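Grab a coffee and open the viewer. Here are some short exercises, each with a worked solution to follow at your own pace.

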Amino acid sequence: VQLQASGGGLVQTGGSLRLSCAASGSIVSINAMRWYRQAPGKQRELVAGITSGGRTNYADSVKGRFTISRDNAKNTVFLQMSSLKPEDTAVYYCNAEIQRVIQAPWYMYWGQGTLVTVSS
């Protein structure tokens with residue numbers, strides 16, 4: 001199983017970016033999918049999560065500015081980021097709980113990260 005994140009880049013304050021993360025490989029089912037971020041010198045933090053049923057949760061720092069969504073048919077999760085601030089600068093990682101075989105345990109998989117830089 002692989003998670004491939006894309007969509008990062010350089011954007012000015014107030015701008016927008018859309019991140020994507022596609023899971024591929026031997027997949028029976030995907031439960032929760034999440035986005036984390038890690039800024040230089042800081043710990044990795046949860047940005048947003050979405051369940052298989054579409055229930056979402058967000059870090060307080062991004063509520064009202066970021067929107068997480070998913071396409072279950074394509075095993076893909078998105079993060080629409082708007083009104084970006086310099087403090088949103090970080091490497092963004094996707095994460096998914098994946099079942100590879102029916103009735104097997106769920107395992108957590110991580111994408112490789114995509115860099116978002118917000119200039120002031």
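**Exercise 1. Glutamate 45 and its partner**

Decide whether glutamate 45 is buried, partly exposed or exposed, then find its salt-bridge partner.

*Solution.* Keep in mind throughout that you're looking at a predicted model.

Step 1: Glutamate 45 has a relative accessibility of 34%, so it counts as partly exposed. The reason is the cut-offs: buried means under 20%, exposed means over 50%, and partly exposed is in between.

Step 2: The partner is arginine 37, with the closest N and O atoms 2.7 Å apart.

Step 3: Now check arginine 37 in turn. Its relative accessibility is 6%, so arginine 37 counts as buried.

**Exercise 2. Building out the network**

Work out which other salt bridge arginine 37 makes with an aspartate, and what that contact ties together.

*Solution.* Step 1: Look for a carboxylate by arginine 37, and you'll hit aspartate 88, where the closest N and O atoms are 2.9 Å apart.

Step 2: Place both ends. Aspartate 88 lies in the loop between β8 (76-81) and β9, while arginine 37 is in strand β4, so the salt bridge ties together parts that are 51 residues apart in sequence.

Step 3: Check burial. Aspartate 88 comes out at 0% relative accessibility, so it counts as buried.

Step 4: Put the pieces together. Arg37, Glu45, Asp88 and also Arg65 are linked in a network of salt bridges.

Step 5: For the whole structure, the tally is five salt bridges. One of them pairs lysine 63 with aspartate 60, at 3.1 Å from N to O. Lysine 63 and aspartate 60 are both exposed, whereas arginine 37 is buried.

**Exercise 3. The disulfide**

Find which cysteines are joined, and give the handedness of the bond.

*Solution.* Step 1: A search of the whole structure turns up one disulfide. Cysteine 21 is joined to cysteine 94, with the sulfurs 2.0 Å apart.

Step 2: Locate the ends. Cysteine 21 sits in strand β3 (residues 17-24) and cysteine 94 in strand β9, so to speak a link between distant parts of the chain, 73 residues apart.

Step 3: Read the torsion about the S-S bond. The value is about 60°, so this disulfide is right-handed.

Step 4: Check the surroundings. Cysteine 21 has 0% relative accessibility and counts as buried; cysteine 94, also at 0%, counts as buried too.

**Exercise 4. Rings and charges**

Identify the aromatic pair and say how its rings are arranged, then look for arginines over rings.

*Solution.* Step 1: The count comes to one aromatic pair. Its members are tyrosine 36 and tryptophan 110, 4.9 Å centre to centre with 55° between the planes.

Step 2: Classify the geometry. Planes under 30 degrees apart would be stacked and over 60 edge-to-face, so 55° makes this pair tilted.

Step 3: Place the rings. Tyrosine 36 is in strand β4 (residues 29-38) and tryptophan 110 in strand β10, 74 residues apart. With a relative accessible area of 39%, tryptophan 110 is partly exposed.

Step 4: Turn to the charges. Arginine 18 has its charged end over the ring of phenylalanine 78, 4.0 Å from the centre. Likewise, the charged end of arginine 44 sits over the ring of tyrosine 93, 3.8 Å from the centre.

**Exercise 5. Loops with an unusual backbone**

Find where serine 83 and glutamine 103 lie, and give the sign of phi for each.

*Solution.* Step 1: Recall the background: most residues other than glycine have a negative phi.

Step 2: Serine 83 goes against that, with a positive phi near 50°. Serine 83 is in the loop between β8 and β9, and at 42% relative accessibility it counts as partly exposed.

Step 3: Glutamine 103 also has a positive phi, about 70°, although it isn't a glycine. You'll find glutamine 103 in the loop between β9 and β10, where its relative accessible area of 76% makes it exposed.

Step 4: Stay in that loop for one more feature. Valine 101 is found between β9 (90-99) and β10 (106-110). Together with Val28 and Ile102, Val101 forms a nonpolar surface patch of about 280 Å² accessible area.

Technical notes
Residues are numbered from 1 along each chain as its sequence is written. This is a predicted model: local features need pLDDT of at least 70, side-chain atom pairs count only at pLDDT 80 or more; totals for chains, interfaces and linings use all residues. Side-chain values use heavy atoms; hydrogens and water are left out. Patches are made of residues with over 30% relative accessible area and no salt bridge: like charges are joined within 9 Å, nonpolar side chains (Val, Leu, Ile, Met, Phe, Trp, Tyr) within 5 Å. Accessible areas come from the Shrake-Rupley method with a 1.4 Å probe; for residues, only the protein chains shown count as cover. A salt bridge is a side-chain nitrogen of Lys or Arg within 4 Å of a carboxyl oxygen of Asp or Glu. Helices (H or I, at least four residues) and strands (E, at least two) are DSSP runs, numbered from the N terminus. Rings of Phe, Tyr and Trp (its six-membered ring) pair if their centres lie within 6.5 Å; planes under 30 degrees apart count as stacked, over 60 as edge-to-face and the rest as tilted. Buried means under 20% relative accessible area, exposed over 50%, partly exposed in between (1.4 Å probe, protein chains only). A charge sits over a ring if NZ of Lys or CZ of Arg is within 6 Å of the ring centre and within 35 degrees of the ring normal. A disulfide is a pair of cysteine sulfur atoms within 2.5 Å.
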